[in-house]
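Hi,

Here's the structure I said I'd pass along. Have a look at it first, and my notes follow below.

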Amino acid sequence: WFRTRSRKDLLRVQPPEPLYLGLSLNANRVTQLRLAYNNFAQVDGSLATEKLGQLLCSLGVNVTGRDLSSLLRDADADGSGTLDFEEFL
C-alpha cells in the first residue's frame, strides 16, 4: 500500500536560502536586486559611490552622505572604492 522511499530520496535535502546582511533572500529577490544593480553599474560591472546612493534611493532606502560613506567603507571588501554585486548584497 505504501510506496517505500529509497535511501537516496530520504537524503535529498533542500539547501537553505543564502544569507545576505543577515537576511534570507530567495532567488527571485536576488534577481530583482541584480537588475536594479545593473541599471546603475559602470561598464566594468562595478558600482561607484555616487551611484550607490541613487540605487539605494530607487529601492526605497534613503541614506545620508555620512551613512553612505560608512556603508561603502564597510562593504568594499577589496578596497577598490567601488562595489561589485557580491559586495553590494
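To start with one residue: is Thr82 buried or exposed? Before I get to that, keep in mind that this is a predicted model.

Thr82 sits in the loop that joins helix 4 to helix 5. Despite the loop address, Thr82 is buried: its relative accessible area is 19%, and the cut-off for buried is under 20%, so Thr82 falls on the buried side. As for what surrounds it, if you skip the neighbours within four places in sequence, Thr82 is in contact with Gln42, Ser46, Leu47, Ala48, Asp76 and Glu87.

Now the overall layout. The protein has five helices and two strands, and going along the sequence you meet them in the order α-β-β-α-α-α-α. There are 89 residues, and 26% of them count as buried. The accessible surface is about 7,100 Å², with 54% of that belonging to carbon and sulfur atoms. If you take the contacts with a separation of 6 or more, 42% of them are between residues 24 or more positions apart.

Next, the inside. The largest nonpolar core has 17 residues, and the ones touching the most other members are Leu47, Leu52, Leu55, Phe85, Phe88 and Leu89. Four elements give two or more residues each to this core: helix 2 (27-40), helix 3 (49-58), helix 4 (65-75) and helix 5 (85-88). Helix 2 supplies the largest share, with five residues.

Phe85 is a good one to click on if you want to see who it meets. Apart from its neighbours within four places in sequence, Phe85 is in contact with Val30, Leu33, Arg34 and Tyr37.

One last thing to look at is how helix 3 and helix 4 pack. Their axes come within 10 Å and cross at roughly 110°, so helix 3 ends up roughly perpendicular to helix 4. On the helix 3 side the contact is made by Thr49, Leu52, Gly53 and Leu56, and on the helix 4 side by Leu68, Leu71 and Leu72. The crossing of helix 3 past helix 4 is right-handed. You'll recognise Leu52 here, which was also listed among the core residues that touch the most other members.

If you're opening it in a viewer, I'd begin with Thr82 in its loop, then move to the core, and finish at the place where helix 3 and helix 4 cross.

Cheers

Methods:
Residues are numbered from 1 along each chain as its sequence is written. This is a predicted model: local features need pLDDT of at least 70, side-chain atom pairs count only at pLDDT 80 or more; totals for chains, interfaces and linings use all residues. Side-chain values use heavy atoms; hydrogens and water are left out. Buried means under 20% relative accessible area, exposed over 50%, partly exposed in between (1.4 Å probe, protein chains only). Contact means heavy atoms within 4.5 Å. Accessible areas come from the Shrake-Rupley method with a 1.4 Å probe; for residues, only the protein chains shown count as cover. A nonpolar core is a set of buried Ala, Val, Leu, Ile, Met, Phe, Trp, Tyr and Cys residues joined through side-chain atoms within 4.5 Å. Axes are lines fitted to C-alpha atoms, for helices over the stretch in contact, and angles run from 0 to 180 degrees between N-to-C directions. Angles under 35 degrees count as roughly parallel, over 145 as roughly antiparallel, 65 to 115 as roughly perpendicular and the rest as oblique. A crossing is left-handed if the near helix is turned anticlockwise from the far one by less than a right angle, and right-handed if clockwise.
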